[in-house]
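Visitor: I am new to this structure and would like to learn how its descriptions are justified. Could you take me through them step by step?

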Amino acid sequence: MDKRDLLYEGKAKKMYRTSDEEVIWIEYLDQATALNGAMKDEIVGKAELSNQITSKIFNYLNDQGIENHFIKQLSKHEQLVKKLNIIPLEVVVRNVAAGSFSKRLAIPEGQKLPQPIVEFYYKNDQLDDPFINDEHVLFLKVATMAEIAELKEQAKRVNDALVPLFKQIGLQLIDFKLEFGKTSDGTILLGDEISPDTCRLWDLETEAHMDKDVYRRKIGEIVPVYQEVLNRLEKINQ
């Protein structure tokens, strides 16, 4: 598989074309951003941690029968994935009140929700990725009603798989963000990444933040936290 020209450079990764039109070469970056780019810093070591954590989680989801775009890890900071036409939605699943959900509804952080809540956010940097509902999705022609139902169903399946995985390594999955896209034949697949960049994780014993909130809230350092998450995941297979 040959790595070819740069296709796209985002906040956390670069995407390259390959000799296979249906395969993308992803290179993770030593960069942390938050608040839609208002915070941005180079953090040496972050790329390889995010890539390795994401690779392990996507492999786990594949084993659970949840298809996604991941093909294989190439190096500590690179991976191959299936090419997707990304649906411009962030699909957020919440198990416990935290972050913007708590602020928006005046609910204390840490309050367990009766059942998982799935939310949509419109991926548009100029609009700061606003929260939208199903009717907005239809109006914007981002997805059909059937596709909305499928996105919610897939997101809940991912949640059902990840909650016990993280519990096994002493972490509570508070909430997380997913992105989906369509293959060339129109199949909707899970894409992007799943890591402490996209998940809010709290230690089950100490309730310490084990995710990007340590950077966003300036309460710790990313590399030691992400390394601890990776270490715990690696022990599962030992």
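**Reasons behind the labels**

Guide: In this predicted model, I86 stands opposite G181 in strand 13. Strand 8 and strand 13 (residues 180–182) are joined by two bridges and run antiparallel.

Visitor: What makes strand 8 and strand 13 a pair?

Guide: Two strands count as paired if at least two bridges are found between them, and strand 8 and strand 13 have two bridges, so they are a pair. They belong to an open sheet of three strands in the order 8-13-14, with antiparallel pairing.

Visitor: Which strands are the edge strands of that sheet, and why are they called so?

Guide: The edge strands are strand 8 (85–86) and strand 14, and the name fits because each pairs on one side only.

Visitor: How do you know that strand 1 and strand 2 pair, and in which sense?

Guide: Strand 1 (residues 3–9) and strand 2 (residues 13–18) share four bridges in the antiparallel sense, and at least two are needed, so they count as paired. E9 stands opposite K14 in strand 2, and a hairpin of three residues joins strand 1 to strand 2.

Visitor: What links strand 2 to strand 3?

Guide: Strand 2 and strand 3 form a hairpin with four residues between them. The two strands pair over five bridges in the antiparallel sense, strand 3 being residues 23–28, and M15 stands opposite I26 in strand 3.

Visitor: Why is Q79 called buried?

Guide: Buried means under 20% relative accessible area, and Q79 has 0% relative accessibility, so Q79 counts as buried. Q79 lies in strand 7 (residues 78–82), and, leaving out residues up to four places away in sequence, it touches I24, W25, I26, Y28, N51, T54, S55, H69, F70, K72, Q73 and L74. The C-alpha atoms of Q79 and I24 are separated by 8.5 Å, although these residues are 55 residues apart along the chain.

Visitor: What is there to say about the phi of D192, and is D192 buried or exposed?

Guide: D192 is a residue other than glycine with a positive phi, near 60°. Most residues other than glycine have a negative phi. D192 sits in the loop between strand 14 (188–190) and strand 15, and its 17% relative accessibility falls under the 20% limit, so D192 counts as buried.

Visitor: Why is E207 given the label it has, buried or exposed?

Guide: The label exposed requires over 50% relative accessible area, and E207 has 55% relative accessibility, so E207 counts as exposed. E207 also has a positive phi, about 65°, although it is not a glycine, and E207 is found in the loop between strand 15 and helix 5.

Visitor: How do you know that the span of helix 6 agrees with what is expected?

Guide: Helix 6 (residues 222–236) has 15 residues, which at 1.5 Å a residue should span 21 Å, and its end C-alpha atoms are 22 Å apart, which agrees.

Visitor: Which residues of helix 6 are buried, and what puts them on the same side?

Guide: The buried residues of helix 6 are I222, V225, Y226, V229, L230, R232 and L233. They cover an arc of only 160° around the axis, which puts them on the same side of helix 6. An α-helix has 3.6 residues a turn, so residues three or four places apart point the same way. The elements that the buried residues of helix 6 pack against include strand 4 (31–34), helix 1 (46–63) and helix 4 (145–168).

Visitor: How do helix 1 and helix 4 compare with their expected spans?

Guide: Helix 1 has 18 residues and reaches 26 Å from its first C-alpha to its last, close to the 26 Å expected at 1.5 Å a residue. Helix 4 has 24 residues and reaches 35 Å between the corresponding atoms, close to the 34 Å expected. Helix 1 is followed by G65, with a positive phi near 85°, while G170, just after helix 4, takes a positive phi of about 80°.

Visitor: Which domains does the chain have, and how many residues of each take part in the contact?

Guide: The domain assignment gives domain 1 (3–82) and domain 2 (85–221). The contact takes 29 residues from domain 1 and 23 residues from domain 2. The area buried between domain 1 and domain 2 is about 2,200 Å², with carbon and sulfur atoms giving 60% of it.

Conventions:
Residues are numbered from 1 along each chain as its sequence is written. This is a predicted model: local features need pLDDT of at least 70, side-chain atom pairs count only at pLDDT 80 or more; totals for chains, interfaces and linings use all residues. Side-chain values use heavy atoms; hydrogens and water are left out. The expected span of a helix is 1.5 Å times one less than its number of residues. Buried means under 20% relative accessible area, exposed over 50%, partly exposed in between (1.4 Å probe, protein chains only). The arc is that of the directions from the helix axis to the C-beta atoms. Contact means heavy atoms within 4.5 Å. Domain bounds come from an automatic or database domain assignment. Buried area is the accessible area (1.4 Å probe) that two parts lose on being put together, summed over both.
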